[in-house]
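Reader: I'm happier at the bench than in a viewer. Could you walk me through how to read a fold, one feature at a time?

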Amino acid sequence: MTARSAFAKIIFVATALLFAAPVHALDKVRFATNWRAQAEHGGFYQAVADGTYARYGLDVAILQGGPQLNARLLLAAGRVDFAMGANTIQMFESVQQNVPIVTVASMFQRDPVIFMSHPGVGLDRFEDLSKATAFIASDMRVSVWQWLKQAYGFKDEKVKPYNFNSAPFIADKNSIQQGLLTSEPYAIERQGGFTPNIFLLADYGYDGYSTTIETRADTIAKTPDLVQRFVDASIIGCYNYIYGDNAAANAMIKRDNPEMTDGQIAYSISKMKERGIVDSGDALTLGVGVIADARMKSFFDKMAKAGVVPADLDYRRGYTLRFISKKVGVELRPK
């Protein structure tokens with residue numbers, strides 16, 4: 001064999017190997033949120049916008065929730081791969097109903113559920129609130145309200161239905177209204193012309209998790225690497241959204257939800273930082289997304305005592321610690 005033919009053979013083999021090498025396509029993932037796009041979902045949008053998901057080998061499509069889209073039903077039916085859970089109560093309900101959905105991370109360390117009251121009318125302390133008319137939605141009445149009755153003496157006769165219209169609360173100075181730290185107070189300031197008192201229930205013992213990542217048990221069993229990559233990338237997205245340049249993510253949020261404003265987004269982010277909604281407690285050492293067995297037991301015991309869930313419920317079937325507490329992204333927190 002001549003030198004030329006040998007060289008030609010080498011080039012041929014190298015070229016053949018190059019074209020034979022597999023091209024690894026990104027794994028397509030569908031993730032459904034629990035409501036319309038907002039700053040509270042920013043970490044997931046951030047991970048799309050800045051390429052974090054892609055770097056983890058994922059092509060993530062976010063389906064925003066709303067009145068016509070139930071994320072958890074889509075997840076249970078296999079229509080999406082991951083869903084955003086609203087709170088720990090939902091997890092307990094899944095276990096109770098034998099729905100094979102598992103919580104794999106909690107993006108909020110503190111549930112942002114609040115009460116608001118009018119200032120200067122005798123409702124400036126948490127212990128004053130039980131005497132006020134309470135505008136409460138039906139889902140909260142069968143969960144949080146039951147705990148408030150058991151732990152703090154709130155009374156059913158004070159309840160009036162809350163249909164996500166704040167006009168009755170604004171009109172009645174001797175009332176309180178449920179809400180979320182990151183949204184309703186901002187609206188009240190603009191609609192009612194006053195700054196309400198804000199009582200974050202997490203400050204008074206309501207220690208459930210919120211804004212969780214859920215998937216099906218069979219997804220964990222069959223593709224644990226996919227679950228790990230989605231959790232890790234979402235955590236990094238969360239850090240980058242809270243502490244970094246979130247302009248591209250906010251543009252995506254406003255594209256999906258044209259009613260969202262820059263003012264509302266800025267308010268939400270500031271409150272999440274101010275009250276440690278995302279990055280506090282166990283997350284300070286173990287990273288965003290962490291869930292702790294001891295805290296989960298604490299919350300379950302409170303809900304069982306209040307009659308929200310059966311005391312013998314095997315709630316541990318509803319979550320796993322397998323994919324969290326790995327200190328992913330902690331270096332992104334400002335020093």
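Author: Sure, and let's start with a helix. The expected span of a helix is 1.5 Å times one less than its number of residues. Keep in mind that this is a predicted model.

Reader: Okay, how does that work out for the 13 residues of helix H13?

Author: Helix H13 covers residues 262-274, so at 1.5 Å a residue it should span 18 Å; its end C-alpha atoms are 18 Å apart, which agrees. Just after H13 comes Gly-276, with a positive phi near 65°.

Reader: Which residues of H13 are buried?

Author: Here's the general idea: an α-helix has 3.6 residues a turn, so residues three or four places apart point the same way. In H13 the buried ones are Gln-264, Ile-265, Tyr-267, Ser-268, Ile-269, Lys-271 and Met-272. Their cover includes strand E4 (101-108), helix H9 (184-192), E9, H11 and helix H12 (247-256).

Reader: What about Thr-182: is it buried or exposed?

Author: Its relative accessible area is 0%, and anything under 20% counts as buried, so Thr-182 is buried. You'll find Thr-182 in the loop between E8 and H9. Leaving out residues up to four places away in sequence, Thr-182 touches Glu-40, Gln-264, Tyr-267, Ser-268, Lys-271 and Met-272.

Reader: Now the sheet. In what order do the strands sit?

Author: Strands of a sheet pair through backbone hydrogen bonds, either parallel or antiparallel. In this model, 5 strands make an open sheet, ordered E7-E6-E8-E5-E9, with mixed pairing. At the edges are strand E7 (159-161) and strand E9 (197-200), each paired on one side only. From one strand to the next, the twist averages 30°.

Reader: Pick one strand for me. How is E5 paired with E8 and how with E9?

Author: Strand E5 (residues 113-117) runs antiparallel to strand E8 (residues 175-180), joined by 5 bridges. With E9, the pairing of E5 is also in the antiparallel sense, over 4 bridges. If you want to find the register, Val-113 has Leu-180 as its bridge partner in E8. Over in E9, Met-116 is opposite Ile-198, while Ser-117 is opposite Asn-197.

Reader: And which way do the E5 side chains point?

Author: In a regular strand the side chains alternate between the two faces of the sheet. Val-113, Phe-115 and Ser-117 point one way from E5, and Ile-114 and Met-116 point the other way. E5 is mostly covered, with 5 of its 5 residues buried.

Reader: At what angle do H2 and H11 pack?

Author: Two packed helices are described by the angle between their axes and the distance between the axes. Helix H2 (residues 42-49) packs on H11 at about 100°, and the axes are 7 Å apart. That angle falls in the 65 to 115 range, so H2 is roughly perpendicular to H11. Residues from H2 that meet H11 include Gly-42, Gly-43 and Phe-44; on the H11 side, Phe-230, Ala-233 and Gly-237 are among those they meet.

Reader: Last one: which residues have the most contacts inside the largest nonpolar core?

Author: Phe-92, Phe-115 and Phe-230 do, in a core of 92 residues. Helix H11 (residues 224-243) gives the most to this core, with 11 residues. Apart from this core there's another, of 8 residues, including Leu-63, Leu-74, Leu-75 and Val-80. As for Phe-92, its contacts beyond four places in sequence are Phe-299, Phe-300, Met-303, Val-309, Leu-313 and Tyr-315.

How values were computed: Residues are numbered from 1 along each chain as its sequence is written. This is a predicted model: local features need pLDDT of at least 70, side-chain atom pairs count only at pLDDT 80 or more; totals for chains, interfaces and linings use all residues. Side-chain values use heavy atoms; hydrogens and water are left out. A nonpolar core is a set of buried Ala, Val, Leu, Ile, Met, Phe, Trp, Tyr and Cys residues joined through side-chain atoms within 4.5 Å. Buried means under 20% relative accessible area, exposed over 50%, partly exposed in between (1.4 Å probe, protein chains only). Helices (H or I, at least four residues) and strands (E, at least two) are DSSP runs, numbered from the N terminus. Contact means heavy atoms within 4.5 Å. Two strands pair if DSSP finds at least two bridges between them. Axes are lines fitted to C-alpha atoms, for helices over the stretch in contact, and angles run from 0 to 180 degrees between N-to-C directions. Angles under 35 degrees count as roughly parallel, over 145 as roughly antiparallel, 65 to 115 as roughly perpendicular and the rest as oblique.
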